[in-house]
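Work through the exercises below with the sequence and the model open. Try each task before reading its solution.

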Amino acid sequence: MDSLTYELTLAGLAVGSAAALTGIGLVVTYRATGVLNLAHGAVAMICAYVLRQLVVVWGWPLPLGALVTLLLVAPALGLVLDRGVFRPLALRGSNPAQTLVATIGVFVLLVGGAVLLWGPGARDDAPVVLGDDPWAQLAAVLALACLVGAVTRWTRFGRELRAVVDNRPLAVLAGIDADRVAAAGWAFGSFTAGLTGVLLAPYVRLDPYGMPLLVVEVIAVAVIARMRSLPVAVGAALAIGVAQAQLTRLHPEGWAGPLIQAVGANLFVVALLVAALVLPGVGGKGRDALPPPTRAPRVPPALWLVVGVLLLLPLGLAGSDLHTAVQVPALAVILLSLVVVAGRGGQIALGQAAYAGLGALFTALLAAAGVPTLLSLALSVPMVAVAGLVTARPAIRRHGLALALATLAVGVAVSRFVLTQPYATADLSLGRPGGFSDDRAFYALELVVLAGCLALVAALRRGRTGRALAALRDHEPGAEAAGVPVPRLKLLAFVLGAALAALGGGLLGMGLRAFDPDQYDPVRGLLWFAAVLVLGADSLLTPLAAAALLTTLDAGPQAGTAAALIGLLATLTGRLPPLLTLLPDQRRPEAPVPPPTTVPAEAHGTPAAPAEAHGTPAAPAEIHGTPAAPAEIHGAPAAPAEAHGIPAAPAEIHGAGPAEGRPAAPARAPAAVPAEGRTHPHGPPAADGGQPSTGRPAPLPTTRTGGAGGSHGPAEGRTHPRGGAAADEAKPRTTEPAPRTSRRAGLRAVDLTLTYPGGVTALSHVTLDLAPARVTALVGPNGAGKSTLFDCLAGTLRPRRGQGRITLDGADITGRSAHARARLGIARTFQQLAVFPSLTVEENVRLGEERRRVRGDPAAAERSLRLLGLAGPVRHRAAADLPTGTLRRVELARALAGRPHTLLLDEPAAGLDAGETEALARILSALAADGLTVLVVEHDPDLVAGIADTVHTMEGGRILS
Ligand SMILES: Nc1ncnc2c1ncn2[C@@H]1O[C@H](COP(=O)(O)OP(=O)(O)OP(=O)(O)O)[C@@H](O)[C@H]1O
């Protein structure tokens, strides 16, 4: 090895040792607490400053200062974070996204605190603890790794740690104090952060921003180690450190030379990018999205007026005040991008600063090439949108923590490889458009742009896309089942976010009359993200308030105040509601949910008397809030609705036109049903009750042969005593069936086998036919494979190639996604309610109508609302406020609003009381009678017995009967 190679290897080992320390700390903290501490670098920076304060400023001996810093201050900081931030969050059952926001809050708080205490400038007099001998550092790191390994493997604490990591609830039940394990994890993690900080400080710029970001890059090694393996983390850190040092020898020529050199000198960033975008995501499934707002914030019009006036006020200012104010609208446009992506879409986007920076950079480059400045800005927006598309494509496949890391990695990479590189930015200036060079005129221009952006985003939020984004945020699988094309919508949100950020970034640069990369630093991006979250990410007021707050505080005498304040508030996430939701709510008091009525006499077998007979107006007679099935079901001819004073609104759901001369079919439903204005739940009111139905589907054989228990033919289900042809005759037929019904072969699972990654074979050669116009029930013990089969039919799970097929009307739809199947007319509900809490009942239901097979049929949503008894004032209530029984109806109404031909219901009676279950049974029977294919996975024997034409029993991944 020549001496240069040796020297570079040594230098690389020194850097790699510090990175390995970070890796060890991150892995241990993650394993003990489940938290990937993004603030690790900020803790390192604080410890480096503390040591400097003790030794350089106060004159303490170095060993004493180092001991106090590493063994007292660093662990204490970890314990404070545990007790003050993360344990309360865990106790509240916060989701991973909230925990991540809290770590960002800690990051921003510590950076802001450091600026407040020690100023923003870099220090070059940090004490040297271990000398510059890389071997000493390497030995220290390896010793630490061995110590941690030994403790984990051979001590009682280690066994407890492993037990908590494997299964925390079980460990707690076994008497392990998981809180103590977590506290120890935080203390140790902070100790390693402190050690990293004091070792690195003499060799890198010690400033509040630089070191935390440097450590963020090193997260790559923990991700490469899958947040588990210490040897892999240490090995990866040393290897990248040495490779990075060796690459500094390269001096490639040509136009790409500087970029290649930048890549070589920032190999940890490359590793972060690869780890975050290419390797499988870390952090488990988790919640993809940020939590929906507890209350959809609605800004009172008067407040908008005040805000408008406040925004106009700076036009009367002059000098430095006006110059400062110029930053507010530009920053507000950048923050508006976060309202779209994080607020409405619920996606964790930590890279918006990079898109803002690219917007400014492209504007400056185009202007330098002679393009008029305003046109440069306009052109830079689509250019950055394309960059957003390219970078978001791999990121959107990720969830929760992995998505956060992916967006952060993109942000850091853009900053390191583009925004801060002289080859891209040297001698770059950024002027203002002609005619807007003075601050007042430019501010007015910014206000116009801001108003346009606000109007655009407001329109987006009000429309279909806004509803779909909110649904995506509230419940991604539910949104997909409602037909929302989730990946496309996520891409749209990220691209729109990138475009808005670029526009704001360009304006910011013009306002400052310079392209300053520091304005678009990733740390600043984290501050912006935290500020938007703290104030209320899904409010149009937030970008304005946050921009004004950040700009004002930053311009104040104490730099760092904004970061410290926002960071502090972000650490309280989950405990403190978004600040703007504390504004007085101007909405009308909400109508109470209609209390469940008592089961009417009819439901117990007494025929329903016309409403007028009771002297009451013919209000919908709901059973437990659900409109009753039609009177025809009782066998009594229904009088025309008009006769009861109720408009004969068509209530057909899936395809029939208004029915005339409908028969009063004999009762099939388990109980007699009261008349809801004589309106059929699935069709128009009976007109005269006398004529036989026309256009009914030809009765299909109820049972099929073959396929049970592993054969390849269709499963032979147990036919319900009341099912089959007799039951068919008994079904209420009050509407035309769905037009395709008689032609349809229905939904089929053919020879389906599904093995989960862990090796459990949940389905083994299962074949199942869902016949049109029939209710098929799937029963069986826990773990039988019912949900797996259900998910395969719905498209949430897809079998591997050659492991079976799903067909619809004979066509193979195995490869179709869940939302594509929803659009084909296969609707589903979920075992765990999938309702979008931030949307109103009506919006929930309309989402089903808008995204399904038949578009643009608001009447379908309306009929669906009426059918499920949700057409009253409750339709305007936010779903978050409603009880389970009502929400089950909302979910069903949403599924029906898309006019499906097939309805898959996963334990639809879960959480319903007896009356609600009865009402549900009646509705499902009536829907099947109208031609709908219904599959019910259910544990409630009464519901199954009452409605199913065919009952299949599953066990051990096979259909037994
Ligand atoms: N995501 C998964 N990863 C690994 N195994 C799984 C997964 N989901 C289910 N299983 C296993 O597959 C088998 C079938 O599970 P499934 O949930 O389909 O049964 P089920 O009949 O719906 O049970 P339940 O009535 O309790 O919901 C079980 O052994 C279960 O442990």
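**Exercise 1. Classify Trp58 by its accessibility, then place it.**

Step 1. Trp58 has 54% relative accessibility, so it counts as exposed. The classes are: buried under 20% relative accessible area, exposed over 50%, partly exposed in between, with a 1.4 Å probe and protein chains only.

Before going on, note the ground rules. This is a predicted model, where local features need pLDDT of at least 70 and side-chain atom pairs count only at pLDDT 80 or more, while totals for chains, interfaces and linings use all residues. Residues are numbered from 1 along each chain as its sequence is written, and side-chain values use heavy atoms, with hydrogens and water left out.

Step 2. Find the segment. Trp58 sits in the loop between α2 (40–57) and α3 (62–91). Helices (H or I, at least four residues) and strands (E, at least two) are DSSP runs, numbered from the N terminus.

Step 3. Look around it. Val56, Val57, Trp58, Trp60 and Leu64 make a nonpolar surface patch of about 470 Å². Patch residues have over 30% relative accessible area and no salt bridge; like charges are joined within 9 Å, nonpolar side chains (Val, Leu, Ile, Met, Phe, Trp, Tyr) within 5 Å. Areas come from the Shrake-Rupley method with a 1.4 Å probe; for residues, only the protein chains shown count as cover.

**Exercise 2. Describe the surroundings of Thr152.**

Step 1. Thr152 belongs to helix α5 (residues 134–154). Its relative accessible area is 14%, so Thr152 is buried.

Step 2. Check the side chain. It reaches the backbone oxygen of Val148 at 2.5 Å.

Step 3. List contacts, meaning heavy atoms within 4.5 Å. Not counting residues up to four places away in sequence, Thr152 touches Gly158, Arg159, Leu161 and Arg162.

**Exercise 3. Do the same for Leu943.**

Step 1. Leu943 lies in helix α35 (residues 941–947). Its relative accessibility is 3%, so Leu943 counts as buried.

Step 2. Leave aside neighbours within four places in sequence. Leu943 then contacts Pro908, Ala909, Thr917, Leu920, Ala921 and Glu938.

Step 3. Take one partner. Ala909 is 34 residues from Leu943 in sequence, and their C-alpha atoms are 7.8 Å apart.

**Exercise 4. Analyse two aromatic pairs.**

Step 1. Apply the rule. Rings of Phe, Tyr and Trp (its six-membered ring) pair if their centres lie within 6.5 Å; planes under 30 degrees apart count as stacked, over 60 as edge-to-face and the rest as tilted. The whole structure holds 4 aromatic pairs.

Step 2. Take Tyr49 and Trp118. Their ring centres are 4.7 Å apart and their planes lie at 5 degrees, so this pair is stacked. Tyr49 is in helix α2 and Trp118 in helix α4 (residues 96–118), so the pair ties together parts 69 residues apart in sequence. Both residues are buried.

Step 3. Take Phe86 and Trp186. This pair is stacked, at 4.5 Å centre to centre with 15 degrees between the planes. Phe86 is in helix α3 and Trp186 in helix α8 (residues 178–200), so parts 100 residues apart in sequence are tied together. Phe86 and Trp186 are both buried.

**Exercise 5. Trace salt bridges across the chain.**

Step 1. Start from the principle. Side chains of opposite charge can pair when their charged atoms come close. The cut-off here is a side-chain nitrogen of Lys or Arg within 4 Å of a carboxyl oxygen of Asp or Glu. The count comes to 17 salt bridges.

Step 2. Glu217 and Arg416 form one, at 2.4 Å from N to O. Glu217 is in helix α9 (residues 210–217) and Arg416 in helix α19 (residues 400–419), 199 residues apart. Both are buried.

Step 3. Asp538 and Arg344 form another, with the closest N and O atoms 3.1 Å apart. Asp538 lies in the loop between α25 (522–535) and α26 (541–555) and Arg344 in helix α16 (residues 327–344), so the pair ties together parts 194 residues apart in sequence. Asp538 and Arg344 are buried.

Step 4. Glu476 bridges to Lys490, with closest N and O atoms 3.4 Å apart. Both of these residues, Glu476 and Lys490, are buried.

Step 5. Look for shared partners. Arg344, Arg461, Arg473, Asp474 and Asp538 are joined into one network by such salt bridges.

Key
Polar contact = N/O pair within 3.5 Å; in protein donor to acceptor, adjacent residues only side chain to side chain.
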